[in-house]
Amino acid sequence: MTITPARVRLAPSPTGHMHLATARNALYNFLLARQTGGQFILRLEDTDIKRTLPGAEQEIMDGLRWLGLDYDEGPDIGGPYGPYRQTERREIYQHHAKTLIEKGAAYPCFCSAERLEQIRQEQRARKETPRYDGACRNLDPGEAARRVAAGEKHVIRLKMPQDGTTVAHDLLRGDIVVENKNFDDAILLKSDGLPTYHFGAMVDDYEMKITHVLRGAEWLSTFPLHVNILRAFGWDEPVWVHFSLFLKPSGKGKMSKRAAAEALKDGYSIFVKDMHDLGFIPEGVLNWAALMGWGVPEDDVMTLEQMIKRFSVDRLTPSPAAINFQKLDHFNGTHIRLLQTEDLAARLKPYFTREGFAVNDEMLLKIVPLIRERLVTLDDCLPFAGFFFRETVSPNPEDLIAKGLDARQSAEVARRAYQILSAQPDLGHARAEPPMRAYVEESGLTANQVFGILRVAVTGQKVSPPLFESMEIIGKEKALERLKRAIEILEKM
RNA sequence: GCCCCCAUCGUCUAGCGGCCCAGGACGGAGCCCUCUCAAGGCUCAAACAGGGGUUCGAGUCCCCUUGGGGGCACCA
């Protein structure tokens, strides 16, 4: 592997929500840049005016920042090779297109979209591969130039070689050899003067001195075209890496709108903007995304820093990967457990306030260690710790009855617990637990039965963080109040 | 239909000719720990798609078949 600084880029089009695949794409590029001491560039491929969505651009930049994948050059921060929006680079493409025409490697085409659509349909009807018939390819250059000068609507096409083969080299897949007769003359510049992806990306990668193009395998079929564009100019090629695509969790087909909606129902999303709301943290998302398409022998829990050290472009996997959301849960929970208490508390707070709880920071700091290893997503803090912030709890009466006991017996246990606890100066867990344990012993009941009643009474739920530690945080007054209320409920049953 | 890519446990993957009767992770099963739920520890089940070659030796190289994926726009 070369250790020369790599200039890499993420070149998304602002036409929809930022996808998980874009995030992973960004990550791999970022990793290579940071590892080699190079630059990671954000370039917006916004040449499809019709499909460009307002806000999409911002969403991409926000998504990258949230993930911690900071770019060194980009539309909002500038850089030495700007502008970084393709719509602002019109003249650059036009200049290069002109060069190609002068070299005889490209030509203006005056065929209408209607005519093209018609020949495509005819070809399809004949079960042929749809492709441009080359009608304008052999127009007299002088004549063509006159029509262009006269303002006739046209596009610019690449004069693709018609014989022989094109050999394109991918770092992961080796040489990809395609017969040139399988290609038609691709459009470089659209009639609105903006480039197609193929031309825009090649020109910009050259202009921006990109050394490695790491992109998804969806570009593999147009890869030879891209190489031919570069060769028409006589430009050097970057190192090409086409990594794997994401498949639906079922493994059948790529993620669709429908599959995305399906995932959301289960509390998952393939859109970066949803991740925070769903309680995922960047560390978890990144670790998860990194490992779909990149395998490490062992120790697969990694921070960004560790990934930078361990990343290796040539170890990316070429085969498609089915998205596995259960694994997202796993990595998210694992990285939550890795966070410092203060850090986790700060990240949890918005989820409490979002629910309308007035959060006491000091109290939150005490709660965090109790719930940390129980969280899969940040929003899990609500079911686990919401009761700390509520004035009162309303337990399900049935839950107050311990297994193997009836309501009367359970009430008796609750009354004894009340006596014992109210006799303590405070409910520090070291102070409250021993006498309660002693009571369990003498009563012949199980800890499960006794503590279960107490738990439901004090927290209002059957599942909670450790009981005595929780009561300590709630405080003697409030805990006893809740217990008293539970006794009343039991006595009425 | 045509072109291209891919192929190891259910899933993500390690493996780059002998170290592999195939390792890790998620998920699953069981046990331990335990006041609930988790976390944690231990154990188990689970794969080289099929067929031909090459080689002393193939999961690893080549070919075919099959299966999966992607592309075939004045979209990216």
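**Exercise 1.** Determine how the lining of the second largest pocket divides by residue class, and which element gives the largest share of that lining.

*Solution.* In this predicted model, the lining of the second largest pocket has 11 nonpolar, five polar and eight charged residues. The space in this pocket comes to about 530 Å³, and of the 24 residues that line it, A113, L116, V155, R157 and I187 are the closest to its centre. Two elements, α4 and β4 (155–158), give two or more residues to the lining, and the largest share, six residues, comes from α4.

**Exercise 2.** Describe the largest pocket by its volume, its central residues and the classes of its lining.

*Solution.* About 1,600 Å³ of space lies in the largest pocket, where S13, T15, T22, R51 and E218 are the closest to the centre among 44 lining residues. Elements that give two or more residues to this lining include β1 (7–10) and α8 (257–265), while α1 supplies the largest share, four residues. By class, the lining divides into 17 nonpolar, 14 polar and 13 charged residues.

**Exercise 3.** Identify which parts of RNA strand B lie within 4 Å of the protein, and which polar contacts C111, D300 and A322 make with it.

*Solution.* Begin with the strand: of its atoms within 4 Å of the protein, 73% belong to sugar or phosphate, and the rest to bases. Then take the contacts in turn: a base nitrogen is 3.1 Å from a polar backbone atom of C111, a sugar or linking oxygen is 3.1 Å from a side-chain N or O atom of D300, and a phosphate oxygen is 3.1 Å from a polar backbone atom of A322.

Key
Residues are numbered from 1 along each chain as its sequence is written. Chains are lettered from A and ligands numbered from 1 in the order in which they are written. This is a predicted model: local features need pLDDT of at least 70, side-chain atom pairs count only at pLDDT 80 or more; totals for chains, interfaces and linings use all residues. Side-chain values use heavy atoms; hydrogens and water are left out. A residue is near a molecule or strand if one of its heavy atoms lies within 4 Å of it. A polar contact is a pair of N or O atoms within 3.5 Å; within protein, one must be able to donate a hydrogen and the other to accept it, and residues adjacent in sequence count only if both atoms are side-chain atoms. On a 1 Å grid over the protein atoms alone, a cavity is a set of points where a 1.4 Å probe fits but cannot get out, and a pocket is an open set with protein on both sides within 12 Å along at least five of seven lines; lining residues have an atom within 4 Å of a point. Grid points are joined across faces, edges and corners, and a volume is the space filled by probe spheres set on the points. Ala, Val, Leu, Ile, Met, Phe, Trp, Tyr, Cys and Pro count as nonpolar, Asp, Glu, Lys and Arg as charged, and the others, Gly among them, as polar.
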